[in-house]
Amino acid sequence: MLDVLTILALLGVLWYLVSRFVGFTAQRPEDYAGQQPQIDIRRHLSGPILCEGVIYGPTGRVTSRFVADMHGRWTGNRGVLEEQFRYASGQVQNRRWTLAMGNDGTVVADADDIVEPGHGRQEGAGLQLKYRIRLPEHAGGWVLDVTDWMYLMDNGTIINRSQFRKFGIKVAELVATLRPALT
């Protein structure tokens, strides 16, 4: 008969295997190699951008809706993405990302509420970015592990899906569109 520790260890191994090979967390940038159109954040996150999205809480229900105005500027492989989020609650949040692109498609991203610089890679039509974010105090002040996936569509719109995890458990998910703002 198996003891409790053995069962917990087996469940932990099973959890790891499922998360590694199935679902959102199993994706890798190379899964999108060769897919068109090819995303290049120096081009697709440049100029004025309109972003619209929803945030789902741990129960799968929408907990927040937002519209954001963004503006990206690039000099060579270094860029800045300014964001101003307006939530349905009336709250406003600003974030300033600094971005660096490697010639091999790697991305390093940082902002004031990011615990340490995030790392990612763009490949084909997809971009993955992983980082740790500190929530504002009014939202609990927790540090969450974030995985962002951006997928470039044929019309130039980017679909962004992000998962936020604490202790490996999904606590929130964001889905948003980013598209060039009409000027």
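What follows is a short chat about side-chain pairs and burial in this predicted model.

User: Why do Asp40 and Arg42 count as a salt bridge?

Analyst: Their closest N and O atoms are 2.9 Å apart. The cut-off is 4 Å between a side-chain nitrogen of Lys or Arg and a carboxyl oxygen of Asp or Glu, so the pair qualifies.

User: And what makes Asp40 "partly exposed"?

Analyst: Its relative accessible area is 21%. Buried means under 20% and exposed means over 50%, so Asp40 goes in the class in between. Arg42, with 27%, is partly exposed too.

User: How many salt bridges turn up in the whole structure?

Analyst: The search finds 11. Another one of them joins Arg86 and Asp69, at 2.7 Å from N to O.

User: What makes that Arg86 and Asp69 pair a link between separate parts of the chain?

Analyst: Look at the strands. Arg86 sits in strand E3 (residues 78-87) and Asp69 in strand E2 (residues 62-75), so the salt bridge ties together parts that are 17 residues apart in sequence. As for accessibility, Arg86 comes out at 33%, which is partly exposed, and Asp69 is partly exposed as well, at 38%.

User: How do you know that Arg95 and Glu83 form a salt bridge?

Analyst: The N to O distance is 3.5 Å. That is within the 4 Å limit, so they make the list. Arg95 belongs to strand E4 (residues 92-101) and Glu83 to strand E3, so here the parts being tied together are 12 residues apart in sequence. Both Arg95 and Glu83 are buried. There is also a network: Arg73, Glu82 and Arg96 are joined by salt bridges that share partners.

User: Now the rings. How many aromatic pairs are there, and why is Tyr32 with Tyr151 called edge-to-face?

Analyst: The structure has seven aromatic pairs. For Tyr32 and Tyr151, the centres are 5.6 Å apart and the planes make an angle of 65°. Centres within 6.5 Å make a pair and planes over 60 degrees apart make it edge-to-face, so both tests are passed. Tyr32 is in the loop between helix H1 (4-21) and helix H2 (41-44), while Tyr151 is in strand E8 (residues 143-152), and the two are 119 residues apart.

User: Is Tyr32 buried or exposed?

Analyst: Buried: its relative accessibility is 16%, and the line is drawn at under 20%. Ring pairs also bring Tyr32, Trp149 and Tyr151 together in a cluster.

User: What makes Phe66 and Phe85 an edge-to-face pair?

Analyst: The angle between their planes is 70°, over the 60 degrees needed, and the centres are 5.3 Å apart, within 6.5 Å, so the label fits. Phe66 lies at 5% relative accessibility and is buried; Phe85 is buried too, at 7%.

User: How do you know that Lys166 lies over the face of Phe167?

Analyst: Lys166 is 5.0 Å from the ring centre of Phe167. The distance limit is 6 Å, and the charge must also be within 35 degrees of the ring normal. The 5.0 Å value meets the distance part, and Lys166 is listed as over the face.

User: Last one: why is Gln128 called buried?

Analyst: Its relative accessibility is 10%, and buried means under 20%, so the call follows. Gln128 is in strand E7 (residues 126-134). Beyond its neighbours within four places in sequence, its contacts include Gln27, Pro29, His119 and Trp149.

Notes. Residues are numbered from 1 along each chain as its sequence is written. This is a predicted model: local features need pLDDT of at least 70, side-chain atom pairs count only at pLDDT 80 or more; totals for chains, interfaces and linings use all residues. Side-chain values use heavy atoms; hydrogens and water are left out. Buried means under 20% relative accessible area, exposed over 50%, partly exposed in between (1.4 Å probe, protein chains only). Helices (H or I, at least four residues) and strands (E, at least two) are DSSP runs, numbered from the N terminus. Rings of Phe, Tyr and Trp (its six-membered ring) pair if their centres lie within 6.5 Å; planes under 30 degrees apart count as stacked, over 60 as edge-to-face and the rest as tilted. Contact means heavy atoms within 4.5 Å.
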